[in-house]
Amino acid sequence: MSTLRKFLVVGGLAATALPAAAHADDFQHWETVSVQVGLGGPWRVSNETVVRTSDARGLYELENNLLLGYKLNKQVTVWAGYTHAPSYLHGDFTIMEHRARQQVTFDNILKIGEAKLSARLRVEERWREGISGTGWRVRPYAKVALPVANGGKTSVVYTHESFVNLNSTAFQRTTGHDRMRNFVGINTLLIKPVNLEFGYLNQHGFVRNGPDTDDHVLSISLSANF
């Protein structure tokens with residue numbers, strides 16, 4: 001079996017390997033636009049906007065993330081910033097969430113054949129207006145990219161991200177592994193410096209004393225790096 005075929009098989013199985021009890025589904029669309037700009041020397045700034053809609057809730061989230069980064073070396077960057085995340089129900093505003101975000105990114109830290117591994121460790125503190133308490137969580141993330149065409153500028157990608165709650169509040173009601181996201185898709189250079197990434201994302205929620213949930217997501221993102 002070729003390396004590409006093995007990668008697709010493993011990625012597909014990982015993206016769909018869910019507990020048999022899971023049966024609460026929703027179908028969603030996520031659109032992301034992100035821009036990263038060098039500020040001179042090791043400093044960088046990044047802004048990301050994500051729009052999320054679903055069959056069950058219509059437009060339900062409009063998230064914006066602004067981060068300031070400092071490159072420690074070619075592979076490692078530390079970031080800190082703020083997330084503005086209002087929630088909606090079919091486009092009607094419901095609640096505002098604010099987050100402080102800190103993360104460390106590791107770019108192309110391992111190469112297996114032609115496949116490259118990147119990773120990220122993210123920590124967030126969450127507040128919701130009108131509700132007391134601070135929710136703490138960590139979000140480990142890994143990405144494997146395998147170049148397949150266009151002189152290495154087009155890759156098959158697989159990502160995994162877990163959400164682990166470190167405490168409980170009135171709105172972050174459980175501790176431990178809360179959900180995970182698995183994505184398989186294509187990343188390709190459109191025009192320098194803009195990349196397009198699209199594919200299928202499964203968001204699996206772990207529900208205590210009830211059926212788990214699955215969001216089936218068509219994910220499309222544009223990113224530019226200057």
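Is Trp43 buried, partly exposed or exposed? In this predicted model, Trp43 has a relative accessibility of 40% and therefore counts as partly exposed. This tryptophan is a handy place to begin, and the aromatic pairs come first.

A search of the whole structure finds 2 aromatic pairs. In one of them, the rings of Trp43 and Tyr70 have centres 4.8 Å apart and planes at 70°, so the arrangement is edge-to-face. Trp43 belongs to strand S2 (residues 43–54) and Tyr70 to strand S3 (residues 58–71), so the pair ties together parts that are 27 residues apart in sequence. Tyr70, like its partner, does not reach the buried class: its relative accessible area of 31% makes it partly exposed, and Trp43 is partly exposed too. The other pair, Tyr88 with Phe93, is also edge-to-face, with 6.0 Å from centre to centre and 75° between the planes. Here the partners fall on either side of the 20% cut-off for burial: Tyr88, at 19% relative accessibility, counts as buried, whereas Phe93, at 48%, counts as partly exposed.

Rings also take part in contacts with charged groups. The charged end of Arg52 sits over the ring of Trp30, at 4.3 Å from the ring centre. Arg57 lies over the face of Tyr60, with 3.8 Å to the centre of that ring. Both of these ring residues, Trp30 and Tyr60, return below as members of the largest nonpolar core.

Arg52 deserves a paragraph of its own. This arginine is found in strand S2 and, with a relative accessible area of 6%, is buried. What do the polar contacts of the Arg52 side chain join it to? One of 2.4 Å joins the side chains of Arg52 and Glu61, and another, of 3.3 Å, links Arg52 to the side chain of Glu63. Leaving aside neighbours within four places in sequence, the residues in contact with Arg52 are His29, Trp30, Gly58, Leu59, Tyr60, Glu61, Glu63 and Arg181.

Glu63 leads on to a second arginine, since a polar contact of 3.3 Å joins the side chains of Arg99 and Glu63. The side chain of Arg99 makes a further polar contact, of 2.6 Å, with the side chain of Glu97. Arg99 lies in strand S5 (residues 92–112) and is buried, with a relative accessible area of 5%. Beyond four places in sequence, the contacts of Arg99 include Glu61, Glu63, Tyr82, Glu124, Trp127 and Arg139. Glu61 and Glu63 are thus in contact with Arg52 and with Arg99.

The largest nonpolar core is made up of 6 residues: Trp30, Tyr60, Val157, Phe183, Leu201 and Val217. Nonpolar side chains tend to be buried together in soluble globular proteins. Among the core members, Val217 is in contact with Trp30 and Leu201, as well as with Gln28, His29, Gly199 and Tyr200, when neighbours within four places in sequence are left aside.

Thr213, in strand S11 (residues 213–225), provides a link across the sequence. Its C-alpha is 4.7 Å from that of Ala24, although Thr213 and Ala24 are 189 residues apart in sequence. Thr213 is partly exposed, with a relative accessible area of 31%. Besides Ala24, its contacts beyond four places in sequence are Gln203, His204, Gly205 and Val207.

Some backbone details round out the picture. The peptide bond from Lys192 to Pro193 is cis, with omega near 10°, and Pro193 is found in the loop between strand S9 (176–191) and strand S10 (194–205). Asn108 has a positive phi of about 50° although it is not a glycine; this residue lies in strand S5 and is partly exposed, at 44% relative accessible area. Asn209 likewise is not a glycine and has a positive phi, of about 60°. Asn209 has its place in the loop between S10 and S11 and counts as exposed, at 86% relative accessibility.

As for confidence, the protein chain has a mean pLDDT of 91, and 90% of its residues reach 70 or more. Over residues 1–22, however, pLDDT stays under 50, and the model has 30 contacts beyond four places in sequence for this stretch. Where pLDDT is low, the predicted coordinates should not be read in detail.

Notes
Residues are numbered from 1 along each chain as its sequence is written. This is a predicted model: local features need pLDDT of at least 70, side-chain atom pairs count only at pLDDT 80 or more; totals for chains, interfaces and linings use all residues. Side-chain values use heavy atoms; hydrogens and water are left out. Rings of Phe, Tyr and Trp (its six-membered ring) pair if their centres lie within 6.5 Å; planes under 30 degrees apart count as stacked, over 60 as edge-to-face and the rest as tilted. Helices (H or I, at least four residues) and strands (E, at least two) are DSSP runs, numbered from the N terminus. Buried means under 20% relative accessible area, exposed over 50%, partly exposed in between (1.4 Å probe, protein chains only). A charge sits over a ring if NZ of Lys or CZ of Arg is within 6 Å of the ring centre and within 35 degrees of the ring normal. A polar contact is a pair of N or O atoms within 3.5 Å; within protein, one must be able to donate a hydrogen and the other to accept it, and residues adjacent in sequence count only if both atoms are side-chain atoms. Contact means heavy atoms within 4.5 Å. pLDDT is the predictor's confidence in each residue, from 0 to 100. A nonpolar core is a set of buried Ala, Val, Leu, Ile, Met, Phe, Trp, Tyr and Cys residues joined through side-chain atoms within 4.5 Å.
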